[in-house]
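Visitor: Please take one helix and go through it closely. I would like to know how it sits among its neighbours.

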Amino acid sequence: MERLYLKTAPLGQKTTDDIYAGLNRRVNSGERGVCPVDITTVFLRLCQSQSCGKCAPCRIGLGRIVELLEKILAGNGKLEDLELILTTASAVSDSADCAIGFEAADMVLGGIEVYRKDFEAHVNQGSCIASNQAVRCIWNCPAHVDVPGYIALCGQGRYEDAIRLIRKDNPLPSTCSLICESPCEKFCRRGIIDNTVNIRAIKRAVIDRVGKIPPDECAPKTGKKIAAVGGGPAGLTAAYYLSRMGHEVTIYEKRKFLGGMLRYAIPLYRLPDRFLDADINAILATGVKSVMQTEIGKDIPFDELREKYDVVLVTIGAQGGKALDIPGGDCEGVLLAGKLLSDIIDNSPPDLKGKNVVVIGGGNVAMDAARTSIRLGARSVRCLYRRRMEDMTALPEEIEGAVAEGVEMVMLRAPLRVESSGGKVEALVVQPQIMGEYKAGRPSPRKANLPQERIECDVVIVAIGQSIESEHFSKCGIPIHYDKIRTHLSCAIPEMTGVFAGGDCIFGPATVIRAIEAGKVCAANIDNYLGFSHQIDSGVKIPPPSHKQQYMCGRVTSMEREALVRKNDFALIELPITDEEMLQECSRCLRCDHRGLGALKDGRSFRW
Ligand SMILES: Cc1cc2nc3c(=O)[nH]c(=O)nc-3n(C[C@H](O)[C@H](O)[C@H](O)COP(=O)(O)OP(=O)(O)OC[C@H]3O[C@@H](n4cnc5c(N)ncnc54)[C@H](O)[C@@H]3O)c2cc1C
Ligand code: SF4
Ligand code: SF4
């Protein structure tokens, strides 16, 4: 008789796995506006089904919490029940044998801490106060672009209307079609069926197909004058909407060209000038003026702008690079990533030909610096990070792209000192690290019990963060916290009437779409401050949804030029999607503006 058998999947296991996969997709698509009491109860029931039942806290404790939650959901709960849930969950958290028990209890404790008002509303009024009906993609785009609307227009070949609709909320559609990190896709409801819609690729498809669009109409002149300090995406966005509202806007920009980091930091292989120029030209076509190569604080004092203009808007970004504070961090051959990237645009790239380069940092800026070094002819490029690959803040596709182009990732190494000979970089000495305890929600590295290592190199590029050059503005009385400008959520500066600020200079280094969000908020509130209430409307009629049957269908992914070819030039990496791919991707959108949560108010704001 046989002693051992090969394992085969138990009958029904595939079905259970499918349920888990479906559950995963559903949870990842995390519907907004769902009752937190209901979702906590459902989650606990799932945890109960995973419990082995050997330890009493998990078996009995979780069951008791579910009973109490169901009582509250049924409208029969009392405030004492809520307290009993907290006491029981604390006991389970302290005494359950394994993560199935204590993690479940911790979720309950965390949920009640954050959503206490909703739990109490169930007890006091028998109903929930969590009633956010937003469409996920619209809500998660910081500028609240009408995603289902423009996808529907694109699907019908109405590209000009699609651009007009996007511009209602985002005046940089061309730029965003290439480099927006697309937070709108994160919880796209299509993920419940198969995978999220490739929203950014559809935007790119529209841009590639649209012809010349006549300039946007502006409201009658108001006679009000606004100065914007800084011509990056935040300043450009505010200027565009204020100009459309009839105000006269002048941008003061210290560089030769408008665009901020989009022009001077993001490499051309990700964002060619023609995409950015298309957006900037459309903004200038509304009548926005610009005074170039003029630095506020050096060429013109900030206070002079306040005297001349009705409103001054500060959108100076996070233009400074954080230096490497270690011995030898200032010797020849140590470069700041931001400066390296902008020197290329200013036609004075550093000579990296045949050199061994080490880039320090794990974010997108580090990836841009590393991939640019490859293109400048470096012999080897290593990217050094003190955590693990999965902890890097750079987008996964950026890391993959860098590796494919020949960048070597050196993980769990912290820089100690730069060694030099004759004042020039010779090596970077590093300390191996080990991942340790969680701090601020992520595991943090600490010194490993291993000897220091010496990495021979000719150039060290520092990409460890950006700083805000806000000293002059601080001296003029603008409140600063560390180096960030402090504003209300309306972007108005406390106790400084007629002064607003937005973008990276208030958030710290962020993203283009957050800068656009800030520009839009500034424009709306400046308009109100000036005593107006103009509305921005696209005037575009959005097609009704079709009634197609939805089958599982793979997400279209944009292709890239071959790594071996693209690493030799600065031409755009991303290839456009085909007509067939575009139409298929458009058809995957579920039109949540008409179905499910969000359908209540047609799921959109036609104007703001
Ligand atoms: C290398 C790199 C890559 C990035 N990649 C991406 C990406 O792929 N996707 C993404 O979403 N985001 C990316 N970002 C972030 C994005 O570029 C920024 O978040 C965004 O540009 C911030 O916009 P802003 O208008 O606030 O500031 P900025 O773009 O920094 O613009 C500020 C402008 O103000 C001007 N200025 C500053 N001080 C003065 C003064 N005193 N007087 C006059 N003018 C002044 C500057 O010259 C500049 O033009 C990247 C950033 C970097 C550094
Ligand atoms: S701008 Fe960015 S976040 Fe907004 S809809 Fe477009 S891709 Fe999504
Ligand atoms: S399916 Fe369409 S409307 Fe729904 S969240 Fe995704 S992109 Fe938005």
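Guide: This is a predicted model. Take helix α3, residues 56–73. The helix has 18 residues. From its first C-alpha to its last it reaches 25 Å. That is close to the 26 Å expected at 1.5 Å a residue.

Now look at what is buried. In α3 the buried residues are C58, G61, L62, I65, V66, L69 and I72. Each has 20 or more other C-beta atoms within 10 Å of its own. Look down the axis of α3: these buried residues fall within an arc of 140°, so they line one face of the helix. The spacing has a general background. An α-helix has 3.6 residues a turn, so residues three or four places apart point the same way.

What covers that face? The cover over the buried residues of α3 includes four helices: α2 (36–50), α4 (79–95), α5 (99–114) and α6 (116–125).

Then check where the helix ends. G75 follows α3. Its phi is positive, near 85°.

For contrast, go on to a sheet further along the chain. This open sheet has 5 strands in the order β6-β14-β7-β8-β9, and the pairing is parallel. β6 (334–336) and β9 (408–410) stand at the edges with a single partner strand each, so one side of each has no neighbour in the sheet. On average, neighbouring strands here are turned by 25° against each other, direction ignored. Within the sheet, β7 (residues 356–360) and β8 (residues 380–384) run parallel and are joined by 5 bridges. N356 stands opposite S380 in β8.

Methods:
Residues numbered from 1 in each chain as written. Chains lettered and ligands numbered in written order. Predicted model: local features only at pLDDT ≥ 70, side-chain atom pairs only at ≥ 80, totals over all residues. Pairing = 2+ DSSP bridges. Helix = DSSP H or I, 4+ residues; strand = E, 2+ residues; numbered from the N terminus. Axes fitted to C-alpha atoms, helices over the stretch in contact; angles between N-to-C directions. Expected span 1.5 Å × (residues − 1). Buried ≥ 20, exposed ≤ 12 C-beta atoms within 10 Å, placed from the backbone. Arc of directions from axis to C-beta. Contact = placed C-beta atoms within 7 Å.
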